[in-house]
Amino acid sequence: GPRSVLLAGMVNCHTHSPMTLLRGLADDLKLMPWLTEHIWPAEGAFVSPEFVRDGTEIAIAEMVKGGTTCFNDMYFFPDEVAKATHAAGMRARIGIICIGFPSAYCGAPDKSMDENIQAYLDKGCSIKDRDFGGYPLLDVTVAPHAPYTCGQAGMATAAALAKKLNVPFHIHLHETCGECTDWEGGTPFMPGHKKRPVATLAELGLIDERLVAVHMTQLTEDEIKLLADKKAHVVHCPESNMKLASGACPVKKLLDAGVNVAIGTDGCASNNDLDMYSEMRSAAFLSKHTAADPEAVPAHKALYMATMGGAKALQLDKHIGSLEAGKQADIQAVSMDELEAMPMYNVISHLVYCTHRSQVTDVWVAGKPLVSAKKLTMMDESALKVKALAWGAKIKLHQDNATAAK
């Protein structure tokens, strides 16, 4: 329309797309009880190729309708994530996930953490070699879950693969204070390392331009300088961090030091949506609040983080992240025709501080229309609703039975 803004599509730089099926399953809990008592048991009961395929389709529909044209995923059955993403015409980096314990996707209970890590990486590489040649808009990252689930040797093995493939190394890092103190001092399940996770990664030579470090709510001045010197990337997930009270990433300090910062929604189970407009606004507001400085992360910086910041972290900035001649046409059109978008003095301020994802009317990925006049062109939304409700009924019944058994 005549009062529309055209801009580059959003890059959701960290998510677990199949977790749309666990949206709202467990809320208002600390990270470790949330994971160990709710999310991991539900995943153990339900994660399958079908769960991942359906959950990913629902996630892509939600993301693309809200102006997101590229996402960076970390989940089990990455082959299914890739199939769904390719069929939908979306762009993504899909993680060759690894974790030190078995899942329905990979690993064995009688194997050591390091043996399981190797099995996950081998399986991910075989999927990449078998499938990804046919997926022009997709590539991989190497995605170890976290230091505490992969161990020191597991992270080093994963990083060696990222170096060999020359792809990003995507990991949850310094998400909570407890993660850092447990790694340093040890727990009944893990010996102490006498240093924080970032220092361990540095010692292993794993902090470089491939590192895509997610969350990073606990950072010292020296760690920030190290990240800047090594050209590492940080993904800020403000809504998940606020919801789980994990802490706040010191975005202003990182930007001031020259670190590239991207924005991610995290998974639906801890957000509970995949809305990059809401996430961008939260990133700006939380950064101002954390820095006690209203000039921290102005609107244009927040918009950059949601687009080019993500593209740079994913090594895609020569192709996407901005509207420039020669780049891919990953574009969104946003209507400013609504009364609540009037008057408009500054377009960028409006996009960051008062635009809602429902104002996105049209979306193109690689020049192909995926949303036209607010309607999905490549996906059947009513069929996706049927799938979402069917999974919800099945999972709720399981949860009710588990609660009754207690």
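**Exercise 1. Which residue in strand 4 is the bridge partner of Asn 72?** Place the answer in its strands, and follow the chain onward to strand 5.

*Solution.* This is a predicted model, in which local features need pLDDT of at least 70 and side-chain atom pairs count only at pLDDT 80 or more, whereas totals for chains, interfaces and linings use all residues. Residues are numbered from 1 along each chain as its sequence is written, and side-chain values use heavy atoms, with hydrogens and water left out.

Step 1. The bridge partner of Asn 72 in strand 4 is Arg 93. Helices (H or I, at least four residues) and strands (E, at least two) are DSSP runs that are numbered from the N terminus, and two strands are said to pair if DSSP finds at least two bridges between them.

Step 2. Strand 3, covering residues 68–73, pairs with strand 4 in the parallel sense, and four bridges join them.

Step 3. Strand 4 also runs parallel to strand 5 (residues 138–144), to which seven bridges join it; in one of these pairings, Gly 95 stands opposite Thr 141.

Step 4. Together with helix 4 (residues 113–131), strands 4 and 5 make a right-handed β-α-β unit, where right-handed means that, with the strands pointing away from the viewer, the path from the first strand over the helix to the second runs clockwise.

**Exercise 2. Describe the surroundings of Arg 91, beginning with its strand.**

*Solution.* Step 1. Arg 91 belongs to strand 4, which spans residues 91–98.

Step 2. Arg 91 counts as buried because its relative accessibility is 7%; buried means under 20% relative accessible area, exposed means over 50%, and partly exposed lies in between (1.4 Å probe, protein chains only). The strand as a whole is mostly covered, with eight of its eight residues buried.

Step 3. The side chain of Arg 91 makes a polar contact, at 3.2 Å, with the side chain of Gln 328. A polar contact is a pair of N or O atoms within 3.5 Å; within protein, one must be able to donate a hydrogen and the other to accept it, and residues adjacent in sequence count only if both atoms are side-chain atoms.

Step 4. If neighbours within four places in sequence are left aside, Arg 91 is in contact (heavy atoms within 4.5 Å) with residues including Thr 69, Phe 71, Leu 138, Asp 330 and Val 365.

**Exercise 3. Find where the backbone has a positive phi or a cis peptide bond, and locate each case cited below.**

*Solution.* Step 1. Most residues other than glycine have a negative phi, and most peptide bonds are trans.

Step 2. His 174 has a positive phi, near 50°, and is found in the loop between strand 6 (169–173) and helix 6 (177–185); because its relative accessibility is 0%, His 174 counts as buried.

Step 3. Lys 374, with a positive phi of about 70°, is located in the loop between strand 14 (368–372) and strand 15 (375–376), and it counts as partly exposed because its relative accessibility is 36%.

Step 4. A cis peptide bond with omega of about 15° joins Asn 271 and Asn 272, and Asn 272 lies in the loop between strand 11 (260–263) and helix 11 (276–291). Another cis peptide bond, with omega of about -15°, joins Met 342 and Pro 343, the latter being in the loop between strand 12 (331–335) and helix 13 (347–353).
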